[in-house]
Amino acid sequence: MIEERPIIALDFPSSSEVKTFLARFPKEEKLYVKIGMELYYACGSEIVSYVKELGHSVFLDLKLHDIPNTVKSAMKVLAQLGVDMTNVHAAGGVEMMKAARQGFGQNGKLIAVTQLTSTSENQMHSDQNIQTSLAESVIHYAQKTAEAGLDGVVCSACEVEVIKRATSSAFICLTPGIRPKGSQTGDQKRVVTPAQARVIGSDYIVVGRPITQATDPVAAYKAVYKEWNQE
Ligand code: C5P
């Protein structure tokens, strides 16, 4: 299922920056935002409640990875916060992912991180002692994620096609690393445009700095929205 709103990564250090940023948008514009570790650990669950009360949707990107029982209990709490989507590390295993699903229930989308895009094949070989190609490891984790009953994975746009082939077309591929034409790539290495992401088959795109650091964030958001929806 394709989400027409690009997810805005709210990578801000405190709630005051978030409030200033969101206040720029018209009240009736309901956004989909990503709250990551920095903001969540700085502000706690209050930031989620604040954003939800404004009527926006929330992807809480905390990448849980612990023993199944702990993850299940934590997921129950996140479900109560009313988040629309959250995630775990697939490396936690099928049992942990099943426990995450039990805890979170069907209250929203639950996805997994396969291999972080910051991990190179060499690092995977030496640090994790996984002696396959990076692509094989990503596909393997995606299949385990599907087997555990989760909805999809966070992945690079370059991996969408093989992941969907190895799982199903309904398996969600959420892709960061998106840059509208002509914008700064920053520290992202392999980037695609919103239009390319749509052609490739991404279901959700995550866009941070091209919107949050723009001189006119509302105009930048609208441009990404248009390009993603091929208007
Ligand atoms: O500013 P930018 O568009 O690069 O932000 C992308 C967001 O997606 C950041 O919050 C980043 O941490 C996150 N992300 C990513 N690559 C991944 C997983 C998450 O860029 N593989």
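Here are some questions and answers about the predicted model shown above.

Reader: Let's start with the sheet: in what order do the strands close into a barrel?
Author: There are 8 strands in the barrel, and their pairing is parallel. Neighbouring strands of this sheet are turned by 25° against each other on average, ignoring direction. The order around the barrel is β1-β2-β3-β4-β5-β6-β7-β8.

Reader: Take β2 and β3 next. Which residue in β3 is the bridge partner of I35?
Author: Strand β2 covers residues 32-36 and strand β3 covers residues 57-64. The two pair in the parallel sense, over 5 bridges. In β3, the partner of I35 is L60.

Reader: And further along, which residue of β7 does V153 stand opposite?
Author: Strand β6 spans residues 152-154, and it runs parallel to β7. The two strands are joined by 3 bridges. Across from V153, in β7, stands C173.

Reader: Staying with β7, are its residues buried or exposed, whichever way they point?
Author: In a regular strand, side chains alternate between the two faces of the sheet. Strand β7, residues 172-175, shows I172 and L174 pointing one way, with C173 and T175 pointing the other way. Whichever way they point, all of them are buried.

Reader: On to the helices. Are α4 and α5 roughly parallel or roughly antiparallel?
Author: Two packed helices are described by the angle between their axes and the distance between the axes. For α4 (residues 68-80) and α5 (residues 94-104), the axes are 7 Å apart and the angle is about 30°. Angles under 35 degrees count as roughly parallel. So α4 and α5 are roughly parallel.

Reader: How many nonpolar, polar and charged residues are in the contact of α4 with α5?
Author: α4 passes α5 in a right-handed crossing. On the α4 side, the contact is made by P68, V71, K72, M75, K76, L78 and A79. From α5 come E95, M96, A99, A100, Q102, G103 and F104. By class, that gives 9 nonpolar, 2 polar and 3 charged residues.

Reader: What about α5 and α7: are they oblique or parallel to each other?
Author: Helix α7 covers residues 134-147, and its axis comes within 9 Å of that of α5. The axes cross at roughly 45°, and α5 passes α7 in a right-handed crossing. With that angle, α5 and α7 are therefore oblique.

Reader: Which residues in α7 do V94, M97 and K98 meet?
Author: V94, M97 and K98 all sit in α5. The contact of α5 with α7 divides into 2 nonpolar, 1 polar and 3 charged residues. The α7 residues they meet are K144, T145 and E147.

Reader: At what angle do α1 and α3 cross?
Author: S15, V18, K19 and L22 in α1 meet I47, Y50 and V51 in α3. By class, this contact has 5 nonpolar, 1 polar and 1 charged residues. The axes of α1 (residues 15-23) and α3 (residues 45-53) come within 11 Å, and α1 and α3 are roughly parallel. The crossing angle is roughly 10°.

Reader: One last residue: T167. Beyond its neighbours within four places in sequence, what is T167 in contact with?
Author: T167 lies in the loop between α8 and β7, and is partly exposed, with a relative accessible area of 23%. T167 and H140 are 27 residues apart in sequence, and 9.9 Å apart in space from C-alpha to C-alpha. Leaving those sequence neighbours aside, T167 is in contact with A142, Q143 and A146.

Methods
Residues are numbered from 1 along each chain as its sequence is written. This is a predicted model: local features need pLDDT of at least 70, side-chain atom pairs count only at pLDDT 80 or more; totals for chains, interfaces and linings use all residues. Side-chain values use heavy atoms; hydrogens and water are left out. Axes are lines fitted to C-alpha atoms, for helices over the stretch in contact, and angles run from 0 to 180 degrees between N-to-C directions. Helices (H or I, at least four residues) and strands (E, at least two) are DSSP runs, numbered from the N terminus. Angles under 35 degrees count as roughly parallel, over 145 as roughly antiparallel, 65 to 115 as roughly perpendicular and the rest as oblique. A crossing is left-handed if the near helix is turned anticlockwise from the far one by less than a right angle, and right-handed if clockwise. Contact means heavy atoms within 4.5 Å. Ala, Val, Leu, Ile, Met, Phe, Trp, Tyr, Cys and Pro count as nonpolar, Asp, Glu, Lys and Arg as charged, and the others, Gly among them, as polar. Buried means under 20% relative accessible area, exposed over 50%, partly exposed in between (1.4 Å probe, protein chains only). Two strands pair if DSSP finds at least two bridges between them.
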